[in-house]
Amino acid sequence: MKILYGVQGTGNGHITRARVMADCFARKNVDVDYIFSGRDNTKYFDMASFGDYQTKTGLSFSTRNGQVNQIDTLKNIKLGQFVKDVRRLEVDQYDLVFNDFEPVSAWAARLAKVPVIAMSHQAAFLSPEVPMHSHGFLKRTFLKQFAPADIHLGVHWQPFSKNIIPPFIPYEKPINHCRSIENKVLVYLPFEDLNRVLEFLRDFPDKEFYCYHPDAKDCSKTHIHLRAPSREGFLKDLANTSGVVGNAGFELSSEALKFGKKLLLKPLEGQFEQHANAQTLQDMGFARVMHYLSSDALEEFLVEPSGKSIDFPADPCVLVDWLLSKQWHDLEGLHNSLWQGLRVQSSKAA
């Protein structure tokens with residue numbers, strides 16, 4: 001089977017999930033080509049897993065000071081380029097397009113009548129059982145049309161419905177058993193202005209903040225240690241931090257949950273998925289939520305005890321075998337296999 005794997009590149013979470021999948025595809029000698037869209041092609045990093053990958057402009061949103069900027073988003077949409085990329089992308093050579101919320105490959109496959117299987121956190125919201133917290137019908141309509149697929153696999157923290165699978169978070173054996181350093185806090189707020197983040201962290205000199213940001217260069221400012229984007233460095237700091245302060249992206253929260261790290265989340269304003277993530281984790285008792293960079297919220301968070309871990313599956317090869325079998329109608333069998341033995345309880349109830 002020859003597969004084209006389309007990946008949304010706007011946030012790092014989609015790419016992180018694709019790295020896990022790419023490792024399994026490689027181990028099983030599956031012929032996979034990768035296409036990414038949604039960010040400038042010079043802004044991708046740690047992409048060795050994907051070989052000779054393609055990039056396209058795609059469709060994305062613009063942010064400013066921690067919120068989606070609708071005017072800039074509309075200005076930056078290159079609809080003509082998107083249509084050209086869809087028409088020019090040759091998908092006839094593939095047996096399947098596997099898609100993580102990437103619109104160019106999804107629409108090209110629809111036009112060429114090549115089957116598309118979507119796996120994304122966004123796809124989870126197509127199920128009415130999944131909490132969305134506001135304006136569900138309109139948002140589900142948008143999600144369905146943004147990157148259309150024949151089968152939608154949603155990724156979420158609980159088995160809300162039969163098309164929902166858990167996230168795959170691989171163990172990192174060299175760092176997995178590191179003990180948390182009590183005064184170390186990992187900060188990842190990529191959609192916030194870096195100067196505002198520094199101001200937010202300034203008044204807590206008894207903590208050592210390791211702050212990853214797209215605009216940062218590796219340096220230290222007293223107790224704040226700035227770090228440029230690095231997957232390897234981020235995982236090492238995640239392993240022994242006492243807690244994580246971040247936007248409410250799905251993959252970051254999932255990794256923190258697997259490592260048993262407490263969470264303080266500031267959802268990206270105007271991005272319904274992040275608001276739903278934050279609300280769901282707060283309802284489960286796994287996160288504290290703030291809607292602006294609140295020093296009071298940070299102060300309360302810093303004295304909280306450690307979180308509880310959720311042992312999400314590490315190996316996606318059950319999913320890859322399901323893809324290769326072409327028994328795509330059997331969503332329930334895949335669902336049951338991946339959730340078997342995995343119990344998600346709220347930290348409040350534990």
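Leu 265 is a good place to enter this predicted model. Setting aside neighbours within four places in sequence, Leu 265 is in contact with Gly 246, Asn 247, Ala 248, Ser 253, Ala 278, Leu 281, Ala 287, Arg 288, Val 289 and Met 290. The residue belongs to strand S15, which covers residues 262-265. With a relative accessibility of 0%, Leu 265 counts as buried. You can also look from Leu 265 across to Leu 298: the two are 33 residues apart in sequence, and their C-alpha atoms are 10.0 Å apart in space.

One of those contacts leads straight into the sheet. Val 289, in S16, stands opposite Leu 265. Their strands, S15 and S16, pair in the parallel sense over two bridges. Step back now and follow the whole arrangement: this is an open sheet of seven strands with mixed pairing, in the order S12-S13-S11-S10-S14-S15-S16. Which strands form the edges? They are strand S12 (219-221) and strand S16 (288-289), each of which pairs on one side only.

Next come the helices that meet this sheet. Helix H9 packs on it and touches S10, S14 and S15. The direction of H9 makes about 160° with that of S15. Helix H7 (residues 194-201) lies across strand S10 (184-188), strand S11 (208-212), S12, strand S13 (224-227) and strand S14 (243-246). Relative to S13, H7 runs at about 155°.

H9 also gives us a bridge to another part of the model, helix H1. Two packed helices are described by the angle between their axes and the distance between the axes. Here the axes of H1 and H9 (residues 250-259) come within 7 Å and cross at roughly 60°. That angle makes H1 oblique to H9. If you would like to find the contact on screen, look for Gly 13, Thr 16 and Arg 17 in H1, which meet Phe 250, Glu 251 and Glu 255 in H9. By character, the residues of this contact divide into one nonpolar, two polar and three charged.

Stay with H1 for a moment and pick out His 14. This histidine sits in H1, which spans residues 12-27. Is His 14 buried or exposed? His 14 is buried, because its relative accessible area is 10%, under the 20% cut-off. Not counting residues up to four places away in sequence, His 14 touches Val 7, Gln 8, Asp 100, Phe 101 and Gln 122.

Further along H1 we reach a cysteine with a covalent partner. A disulfide is a covalent bond between the sulfur atoms of two cysteines. How many disulfides does a search of the whole structure find? The search finds one. This disulfide joins Cys 24 to Cys 317, with an S to S distance of 2.1 Å. The link of Cys 24 and Cys 317 is right-handed, with 135° about the S-S bond. Cys 24 lies in H1 and Cys 317 in helix H12 (residues 317-325), so the pair ties together parts that are 293 residues apart in sequence. Both Cys 24 and Cys 317 are buried.

Cys 211 and Cys 219 make a useful contrast. Cys 211 is in no disulfide, and the nearest cysteine sulfur, that of Cys 219, is 9.9 Å away. At 1% relative accessibility, Cys 211 counts as buried. Cys 219 is likewise in no disulfide, with the sulfur of Cys 211 as the nearest cysteine sulfur at 9.9 Å. Cys 219 is partly exposed, its relative accessible area being 32%.

Our last stop is strand S8. Five of the five residues of S8 (residues 151-155) are buried, so this strand is largely enclosed by the rest of the structure. In a regular strand the side chains alternate between the two faces of the sheet. In S8, Ile 151, Leu 153 and Val 155 point one way, while His 152 and Gly 154 point the other way, and all are buried.

What does S8 pair with? Strands of a sheet pair through backbone hydrogen bonds, either parallel or antiparallel. Strand S7 (residues 116-120) runs parallel to S8 and is joined to S8 by four bridges. Ile 117 has Ile 151 as its bridge partner in S8. S8 also runs parallel to strand S9 (residues 164-165), with two bridges joining them. There, Gly 154 stands opposite Ile 164 in S9.

Key: Residues are numbered from 1 along each chain as its sequence is written. This is a predicted model: local features need pLDDT of at least 70, side-chain atom pairs count only at pLDDT 80 or more; totals for chains, interfaces and linings use all residues. Side-chain values use heavy atoms; hydrogens and water are left out. Buried means under 20% relative accessible area, exposed over 50%, partly exposed in between (1.4 Å probe, protein chains only). Contact means heavy atoms within 4.5 Å. A disulfide is a pair of cysteine sulfur atoms within 2.5 Å. Axes are lines fitted to C-alpha atoms, for helices over the stretch in contact, and angles run from 0 to 180 degrees between N-to-C directions. Angles under 35 degrees count as roughly parallel, over 145 as roughly antiparallel, 65 to 115 as roughly perpendicular and the rest as oblique. Ala, Val, Leu, Ile, Met, Phe, Trp, Tyr, Cys and Pro count as nonpolar, Asp, Glu, Lys and Arg as charged, and the others, Gly among them, as polar. Two strands pair if DSSP finds at least two bridges between them.
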